[in-house]
Amino acid sequence: MSKQTTGRKGVATNDLEVSLAPLLTMFLIGTTGMTICHKLAIAAVKLPLLLVAFQTFTSLVISGAFWPMVRLGGIADLLKYLMVSLCYMGTLICSMIAYFYCSLSTVVVVGACSPLFGIIVEVLIFRRSRFIMTVHTAISLLLIVTGLVIYGLSVGNFAQQSIGVAFMIAKMLVGVMYQLSQRWVMVEDPVDISNTGMLFYNNLIAFIGILLLMLWMDEYSKIWLLEELSKYEWLVVGLSCLDGTFVAYIGLEFQRLVSATSYMVSNDTVRVLAVLFGIVFLREPRDAKTLIACGMVILGSGYYTWDRNTLHRQRKVKRKCSRIKSISDIEDATECEKRLLES
């Protein structure tokens, strides 16, 4: 975990500048592994809330081990951030229940709607960090969504997975609220809470809430099912907990550099990568439609990443040129931007 300091207006910043491309790579690899582990773990444990309790407790222990880096700000900051933590808990619960009832293809199809919904909300709400839509962005989103829909229609069965679909829709809506509210307290109305503090606080609220919900869902009476787990299944559960903590922290770093919609598109891409893993290594359906759909999503993802990286670089150049007070050897700011982009 990188060392953090407090920037202007209470924004937690990193002492080390984080590059977008390596961070995106770590995020995609980590989330792909987490998606696969979650699916295998819930198939073994069969108790969604208990598995999420394991995961949040693991995150609490790991973030607590870095307590000197846990900055929680004041009471006002914690109250302002509480809605984000509640959305985080809702996202974890709905996601795990959806994994329990749905195939990965169904999760992919339903989750495809979140970026489009996120763009609308982000354009209407955000002021200091607006989402910029370009022609490249539109084409990449079209490729991703079309590929997701084709894949789901070719192998998904919604009728037999109605409970999971309902929770997947709920997860999508709560997830949009979580990503947008998380970015709001990072960019629009910052709180004085470090990334490690956010990780700790999110999982503390989620852990307490999940323990209470387990009473309502009567999962405590079914804990004996854990006795039937094999060593391999315990290993998968452990990996899902560790990978979940890693992705939660990397996700916070990632969200500081990209828009909420970019974050959600990356999540949707990860789901398809996980399904592609199933096709190649687990011998899941691999007909022409499935392969074409996965290819479209991977292509759209790469295209989208290129577009976001280009915009990210252009923004940095504009900020750098705007801080130049006197330019003796350059005629104007436009020439400054041109030279920096070419360098």
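Okay, let's open with a puzzle: does Val-247 count as buried or exposed? Keep that in mind while I show you around. What you see here is a predicted model, so I'll talk about confidence as well.

First, the overall layout. The protein has 12 helices and 2 strands. If you walk along from the N terminus, you meet the two strands β-β and then a run of helices, α after α, to the end. Of its 343 residues, 50% count as buried. The protein exposes about 16600 Å², and 68% of that comes from carbon and sulfur atoms. Here's a number I like: take the contacts between residues at least 6 apart in sequence, and 86% of them join residues at least 24 apart.

Back to our puzzle. Val-247 sits in helix α9, which covers residues 231-257. Its relative accessibility is 8%, and anything under 20% is called buried, so Val-247 counts as buried. Who does it touch? Leaving out residues up to four places away in sequence, Val-247 touches Phe-27, Gly-30, Thr-31 and Met-34. And look at Thr-32: it is 215 residues away from Val-247 along the chain, yet their C-alpha atoms are separated by 9.7 Å.

Now, on to a pocket. Rolling a probe the size of a water molecule over the atoms shows where empty space is left. The second largest pocket has a volume of about 290 Å³. It is lined by 15 residues, and the closest to its centre are Pro-48, Ile-97, Tyr-101, Met-217 and Glu-219. Which helices supply at least two lining residues each? Those are α2 (48-65), α3 (75-101), α7 (162-188) and α8 (195-216). Helix α3 gives the most, with 4 residues. As for the chemistry, the lining has 12 nonpolar residues, 3 charged ones and no polar ones.

Last topic: how confident is the predictor? The mean pLDDT of the protein is 77, and 68% of the residues reach 70 or more. Among the elements, α2 has the highest mean pLDDT, 94, while strand β2, residues 12-14, has the lowest, at 40. Over residues 2-18, pLDDT stays under 50, and for that stretch the model has 47 contacts beyond four places in sequence. Over residues 325-331 pLDDT also stays under 50, and there the model has 6 such contacts.

So, if you take one residue home, take Val-247: it counts as buried, at 8% relative accessibility. Thanks, everyone!

Conventions:
Residues are numbered from 1 along each chain as its sequence is written. This is a predicted model: local features need pLDDT of at least 70, side-chain atom pairs count only at pLDDT 80 or more; totals for chains, interfaces and linings use all residues. Side-chain values use heavy atoms; hydrogens and water are left out. Buried means under 20% relative accessible area, exposed over 50%, partly exposed in between (1.4 Å probe, protein chains only). Contact means heavy atoms within 4.5 Å. Accessible areas come from the Shrake-Rupley method with a 1.4 Å probe; for residues, only the protein chains shown count as cover. On a 1 Å grid over the protein atoms alone, a cavity is a set of points where a 1.4 Å probe fits but cannot get out, and a pocket is an open set with protein on both sides within 12 Å along at least five of seven lines; lining residues have an atom within 4 Å of a point. Grid points are joined across faces, edges and corners, and a volume is the space filled by probe spheres set on the points. Ala, Val, Leu, Ile, Met, Phe, Trp, Tyr, Cys and Pro count as nonpolar, Asp, Glu, Lys and Arg as charged, and the others, Gly among them, as polar. pLDDT is the predictor's confidence in each residue, from 0 to 100.
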